[in-house]
Amino acid sequence: MNENPLTLARDKPLGSLMRALAPFRSELVISAAIFFIKDSPIWLLPTITAAAVDIVVKGGPLGSLGWLAVAACALLLQNYPTHVIFTRLYMGSVRALGARLRNEMTARLQTLSIGFHARASSAVMQNKVVRDVENIEVMFSQIGNPTMSAVFVFGGAVVMTAVNVPEFLPVYALSVPCGVGVWWLMRRRARARNEEFRLEMERFSSRVGEMTTLIPITRAHGLEDVAAARVAQAAENVRSRGLSLDLLNGRFNAASWIVFQLLAVGCLLLAAAFAVLHWVPISPGQVVLLATYFSALTGTVTTVLNLAPLVSKGSESVRSLAELMEEPDRELNEGKRVVTHVTGRIELRDVSVVYPESPSPALDGISLEIEAGMTIAFVGPSGSGKSSLMNTVLGFVRPSSGTVLLDGVDMNTLDLRGVRRHISVVPQESILFEGTVRENITYGLERVDDARVMSAVRDANALDIIKGLPSGWNTVIGERGARLSGGQRQRLSIARALIRDPQILLLDEATSALDSESEIKIQAALEGLTAGRTTLVVAHRLSTVKRADAIVVLENGRIVQTGTHAELLATGGRYADLWGLQAR
Ligand SMILES: Nc1ncnc2c1ncn2[C@@H]1O[C@H](COP(=O)(O)OP(=O)(O)OP(=O)(O)O)[C@@H](O)[C@H]1O
């Protein structure tokens, strides 16, 4: 299959979808041809009916009725196999498009910056990948049959009328502007209402996501009613926006139905009047034929117009996906230098970071040289810029000015995905996913032998955790590692970092107090982890800072002191104050 990159444009949702369907062009063309055969009874049966009526009027012959019955049966029975083939081809293409959209969106989410993900609600992102793609699939699955049917019925009716009673051809020309006119009148409002409804639905998803994350806090504070009220407000907004969209769709459906019924009845009465007045030579069979075609025509056009709300909803979903596609806050790695080896020397040259909409810089002219293998502890009050500095070294945050160099090379010129293979992060809150302990430790690594896992577990001081679990490291732990304590989660997180044997380690120590036994175990694990690697640690514990080769004290995004623990205590100043406070 042709896998050229998929692009979706917010201002041209339907055009974007047509382009996305281009790889399935041949399947769709064949499915349309099969559909033509499958649906042929709709426009061929009226001729059989007309012939039967004329035979009745003439009083025979009976044998001809038999032939008509055989022809009708053949026409109807072919519908079964052709319908199955059509579904396989058409829905096969639609499902493949859905799968491609899901994969493209997931891949796109992986390229968007960490800053974007920090701003965006994960529930909304999930909504886009799951619900919006489903809306597009539903749209295609529901419009395919009636639209093709309408095209062929329209074409068939035009041809048949041209052959039998060409005087009535102009009637068909009238139906097109009528249909387009009704659609045009509603189009703009339909787009606005669909967008409002989708945004309200996204807000609702975000609230539900937030509510489920906050459940432990909500319960602990007895705030169930407050949490429920926040979601109820969002649900009420979805209800009212949904209803206003439904009412618009209802008005549209009613208007299109009335317009086309009037057209059909008007044309039939006109045909009858012409026949009575002998203005046009029409037989009773032909009047029946015209009546059947008019009602088939109005039926299909009305059905197609009734699909308009579905198309509007699908288009809105394309716009929703296009928002992700057009999001500029991406980490661009393509074409940049790929590193295969890293020694771990890091240098920051006059680095400043200013977050959007933030009045003051989070980092302000930081210059720092970190030799390979050193352990540097960052300390400072809350908001002093410690996390921002770590995120800058990871490439999650781009410096507003200044340069970060890795082994003397500007990180801006490097493919960060490759760089990060040599970096491990042990975050403050260890994130474990739904899977076995072993899968959590070896996340992202292929074919890791047991001995390597065991050695990482041992070095991370996590053997006792695994021994305490019912199926050892094959025990499934819940999302976010709910069945383990904070200290246990952190040791598994250290094992995960160790097994990757990184050259650079970023460690954000947990601020929460651990009991002294956990503390000792974690410190022992960390000693194994930091040996021989460049380690940057946001330090909250005395034991860590004491061991560090250098301590960097940050305040308001600036470096205010640098030195070893002993040096800084001897000099006095900010560091001595900080540790004095902690010791108290
Ligand atoms: N994504 C962001 N958008 C806007 N401002 C931010 C963002 N992240 C951090 N900041 C601001 O930047 C400054 C430095 O924050 P940072 O998280 O780096 O400090 P920190 O020293 O790690 O704090 P803590 O010890 O509390 O984690 C703070 O004023 C903070 O409000």
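## A walk through the predicted chain

Helix α12 (residues 386-394) lies across β3 (375-379), β6, β9 (504-508), β10 (534-538) and β11, and runs at about 150 degrees to β10. This packing belongs to a predicted model, and it offers a convenient place from which to begin reading the fold.

The strands beneath this helix belong to an open sheet of six strands, whose order is β6-β9-β10-β3-β11-β12 and whose pairing is mixed. The edges of the sheet are formed by β6 (423-426) and β12 (558-563), each of which pairs on one side only. On average, and with direction ignored, neighbouring strands of this sheet are turned by 20 degrees against each other. Towards one of these edges, β11 (residues 550-555) and β12 run antiparallel and are joined by five bridges; within that pairing, V552 has T562 of β12 as its bridge partner.

Returning to the helix, one residue shows how it is surrounded. V393 lies in helix α12, and V393 counts as buried because 23 other C-beta atoms lie within 10 Å, where the cut-off for burial is 20 or more. If the neighbours within four places in sequence are left aside, V393 is in contact with I346, V404, L506 and L536. Of these contacts, L506 falls in β9 (504-508) and L536 in β10 (534-538), whereas I346 falls in strand β1 (residues 346-353) and V404 in strand β4 (residues 401-406). V393 and M411, which are 18 residues apart in sequence, are 8.7 Å apart in space from C-alpha to C-alpha.

Strands β1 and β4 lead to a further sheet, an open one of four strands in the order β2-β1-β4-β5, with antiparallel pairing. Here the edge strands are β2 (363-370) and β5 (409-410), each pairing on one side only. Five bridges join β1 to β4, which run antiparallel, and E347 has L405 of β4 as its bridge partner.

The N-terminal part of the chain can be approached through its helices. For helix α2 (residues 25-38), 14 residues at 1.5 Å a residue should span 20 Å, and the end C-alpha atoms are indeed 20 Å apart, so the expected and modelled spans agree. Which residues of α2 are buried? They are S31, I34, F35 and K38, and because they cover an arc of only 105 degrees around the axis, they lie on the same side of α2. On the other side of α2, R25, S26 and V29 are exposed. The cover over the buried residues of α2 includes α5 (79-111) and α7 (122-164).

Helix α4 (residues 62-77) also follows the expected geometry, since its 16 residues should span 22 Å at 1.5 Å a residue and its end C-alpha atoms are 23 Å apart, which agrees. α4 is nevertheless hardly covered, with a count of zero buried residues among its 16 residues.

An unreviewed UniProt entry places the feature "transmembrane region" at residues 28-53, 65-86, 143-163, 169-186, 257-281 and 287-311. In the model, the span of residues 28-53 is 96% helix and 0% strand, with its end C-alpha atoms 38 Å apart, while residues 143-163 are 100% helix and 0% strand, with end C-alpha atoms 30 Å apart.

Taken as a whole, the protein chain comes to 21 helices and twelve strands, and 34% of its 584 residues count as buried. Among its contacts with a separation of 6 or more, 79% are between residues 24 or more positions apart.

Note on methods. Residues are numbered from 1 along each chain as its sequence is written. This is a predicted model: local features need pLDDT of at least 70, side-chain atom pairs count only at pLDDT 80 or more; totals for chains, interfaces and linings use all residues. Helices (H or I, at least four residues) and strands (E, at least two) are DSSP runs, numbered from the N terminus. The expected span of a helix is 1.5 Å times one less than its number of residues. A residue is buried if 20 or more other C-beta atoms lie within 10 Å of its own, exposed if 12 or fewer, and partly exposed in between; C-beta atoms are placed from the backbone. The arc is that of the directions from the helix axis to the C-beta atoms. Two residues are in contact if their C-beta atoms, placed from the backbone, lie within 7 Å. Two strands pair if DSSP finds at least two bridges between them. Axes are lines fitted to C-alpha atoms, for helices over the stretch in contact, and angles run from 0 to 180 degrees between N-to-C directions. UniProt positions are given in the numbering used here, feature names are shortened, and annotations may be inferred rather than shown by experiment.
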